[in-house]
Amino acid sequence: MKLSLIDLLLFIGFYAVVIGVSVWKSRREQGSADFFLAGRNLPWPLIGISIVAANISSEQFVGMAGQGAGSVGLAVSTWQLVGAAGIVIIAFTLLPRFLRAGIYTMPEFLEYRYNGAARGLMALLTFVIYVVVMLAAVLYSGGLTLHTIFDVPLVPAIWTIGAIATVYTVYGGLTAIAWADLFQGLALLAGGIATFFLGLHACGGWTAFATANADKLHMFLPADHPDLPWTGVASGMWIVIIYYCGLNQFIVQRNLAARSLRDGQLGVILAGALWLLVPFAIVMPGIMAWQLYGAQLGTQSDKAYPTLIRELMPVGMRGLILAAIAGAVISTLGSLINSASAIFTMDIYKRWLRPAADERSLLWVGRAVTLVAIVMGCLSAPHLADPRFGGVFQFIQQFQGYIWPGVVAAFVMAFVLPRAPAAAGVFALVAGPLTYGAFQFTEKSAARPDGHSLHFLIQVFLSFLIIAVVMALIAWRRPLPGPRLLPERVGMNVATAPVVKVAGAAVLLGVLVLFVVFR
């Protein structure tokens with residue numbers, strides 16, 4: 001698809017505004033608290049839209065829409081709908097504890113609760129997952145989208161996306177990211193909804209679309225479904241959501257930067273409300289693409305969303321859609337590299353390598369790590385074109401299983417077992433990758449006659465249960481004399497406002513309605 005001069009001008013103008021505003025808003029940053037936590041002064045609308053922009057990226061537009069077009073259908077939306085419910089629950093449980101502690105990173109909390117080894121282990125695991133899995137996947141799927149729609153060569157597309165994200169992230173940190181996300185988050189949601197209505201019109205309206213795709217418009221799939229069985233949704237997906245919404249640095253970092261508990265809670269609840277649009281803005285367009293262009297897609301379902309845009313988008317809107325897609329990718333990239341930089345700088349460099357580092361040196365180390373991380377991601381991203389990875393969305397979810405069970409067990413049991421010793425937390429972080437890895441190895445090496453296998457979400461759930469039981473045994477045999485005292489941030493009010501409770505209840509009701517309608 002060729003871009004007109006108007007399209008190119010709209011795209012360039014959009015990013016001139018995005019980069020200009022984000023750099024200007026972050027011009028006064030002086031130290032690590034400014035660079036990594038926006039001076040702890042983010043208001044709730046900025047938090048909510050920034051979380052959405054960080055979360056919804058090309059792995060959703062490419063991978064989630066691709067699974068919608070494939071055998072999973074609308075059921076792939078359960079990732080976002082369960083996430084919407086989970087993030088509301090976390091707003092009332094974990095978030096007040098983290099804000100009261102005044103931490104920079106999630107690994108930092110583990111040192112207060114367990115010891116320095118627990119902090120170091122989680123920091124290392126998180127940094128590796130972000131750079132090796134997340135950055136590479138987001139860069140690849142973004143490059144694939146530009147390649148499919150606009151015939152841009154894959155490798156130059158990857159490096160272009162990485163360069164744009166690096167410009168304002170290196171300069172302005174989280175403040176720049178949050179303000180850029182305000183524009184990019186609104187653009188991607190508007191672009192997704194516009195694509196939904198264009199696709200619906202091409203399919204002949206809702207009745208024609210629903211009739212033609214009745215087998216795909218269900219939230220729950222059989223227990224023996226190879227891609228997303230309901231048993232995995234009911235078990236392991238909740239472990240994933242606890243990690244992703246409550247313990248994942250590149251999402252939680254915005255919450256830690258909130259100027260008050262009310263702002264933090266309303267921000268994540270707004271994100272949960274906006275996630276309710278995902279089935280319509282991303283997944284259903286993927287199903288529409290399969291209905292309209294199934295023969296053209298063949299076995300390449302990851303090209304569903306880009307194909308729909310290429311075939312349906314009128315001249316004059318292509319520049320804005322390109323900006324929305326690029327914005328989705330760049331928002332997530334900016335968040336990932338800033339969070340990876342925060343973890344390396346605060347949990348590895350300052351904690352273990354140079355404890356006496358001043359604010360200026362921490363700022364420059366953070367910027368240097370940002371550059372190194374994006375270069376590593378750009379170099380590894382093209383390798384994900386290999387079919388053995390099973391699609392970008394599957395690659396992201398399956399390989400993050402190495403971090404989910406152990407980290408969630410370490411945090412959850414920290415509160416469930418207040419007298420659990422440091423050994424319990426260290427065990428969880430070491431055993432998590434090993435236990436999940438053992439399940440992965442066993443499943444790949446076992447040749448089952450019926451062709452069925454233990455879904456990776458169930459592997460995550462079983463790994464969590466095993467780790468939690470062993471942690472309980474350690475706490476029983478070697479309990480602490482009393483609960484460890486956690487730090488308290490001065491002036492942080494942890495009382496939940498009534499408006500927060502009403503907003504949270506409304507989001508939970510919305511999730512329930514969608515599950516009932518599309519059961």
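This is a short walk through one protein model, starting with the overall picture and then going helix by helix.

Okay, hi everyone. Before anything else, please keep in mind that what you're looking at is a predicted model.

So, the big picture. The secondary structure here comes to 23 helices and zero strands. The protein has 519 residues, and 60% of them are buried. Now, take the contacts between residues at least 6 apart in sequence: 85% of those join residues at least 24 apart.

Let's look at some helix pairs. Two packed helices are described by the angle between their axes and the distance between the axes. I'll go through three pairs that way.

Pair one is α5, residues 78-92, with α12, residues 236-247. Their axes sit 9 Å apart, and the packing angle is about 60 degrees. That angle falls outside the ranges for parallel, antiparallel and perpendicular, so α5 and α12 count as oblique to each other. The crossing of α5 past α12 is right-handed. Who's touching whom? On the α5 side we have T78, W79, V82, G83, A85, G86, I87, I89 and I90, and they meet M237, W238, V240, I241, I242, C245 and G246 of α12. Sorted by class, that contact of α5 with α12 has 12 nonpolar residues, four polar ones and no charged ones.

Next up, α6 and α14. Helix α6 covers residues 94-101 and α14 covers 261-275. Here the axes come within 10 Å and cross at roughly 140 degrees. You might wonder: why do α6 and α14 count as oblique? Well, the cut-off for roughly antiparallel is over 145 degrees, so this pair is still oblique. And α6 passes α14 in a right-handed crossing. The contact is made by L95, P96 and L99 from α6, together with L261, G264, Q265 and V268 from α14. Those residues of the α6 and α14 contact split into five nonpolar, two polar and no charged.

The third pair is further along the chain: α20, residues 404-416, and α22, residues 456-477. They pack at about 40 degrees, with their axes 9 Å apart. Roughly parallel would need an angle under 35 degrees, so α20 and α22 are oblique too. It's a right-handed crossing of α20 past α22. From α20 you get W404, P405, G406, V408, A409, A410 and M413, and from α22 there's F456, V460, S463, F464, I467, A468 and M471. What about the classes in the contact of α20 with α22? We have 12 nonpolar, two polar and no charged residues.

Okay, now one helix by itself. Helix α7 runs over residues 106-113 and is mostly covered, with seven of its eight residues buried. The buried ones in α7 are M106, P107, E108, F109, L110, E111 and R113. At the N-terminal end of α7 there's a cap: T105 has a side-chain oxygen 3.3 Å from the backbone nitrogen of E108.

Last stop, a single residue. S339 is in helix α17, which spans residues 318-353. Is S339 buried or exposed? Its relative accessibility is 1%, so S339 counts as buried. And which residues is S339 in contact with, leaving aside its neighbours within four places in sequence? Those are Y130, Q249, F250 and Q253.

That's my tour, thanks for listening.

Terms used:
Residues numbered from 1 in each chain as written. Predicted model: local features only at pLDDT ≥ 70, side-chain atom pairs only at ≥ 80, totals over all residues. Heavy atoms only, no water. Axes fitted to C-alpha atoms, helices over the stretch in contact; angles between N-to-C directions. Helix = DSSP H or I, 4+ residues; strand = E, 2+ residues; numbered from the N terminus. Parallel < 35°, antiparallel > 145°, perpendicular 65-115°, else oblique. Left-handed = near helix turned anticlockwise from the far one by under 90°. Contact = heavy atoms within 4.5 Å. Nonpolar A, V, L, I, M, F, W, Y, C, P; charged D, E, K, R; others polar. Buried < 20%, exposed > 50% of the residue type's maximum accessible area, 1.4 Å probe, protein only. Polar contact = N/O pair within 3.5 Å; in protein donor to acceptor, adjacent residues only side chain to side chain.
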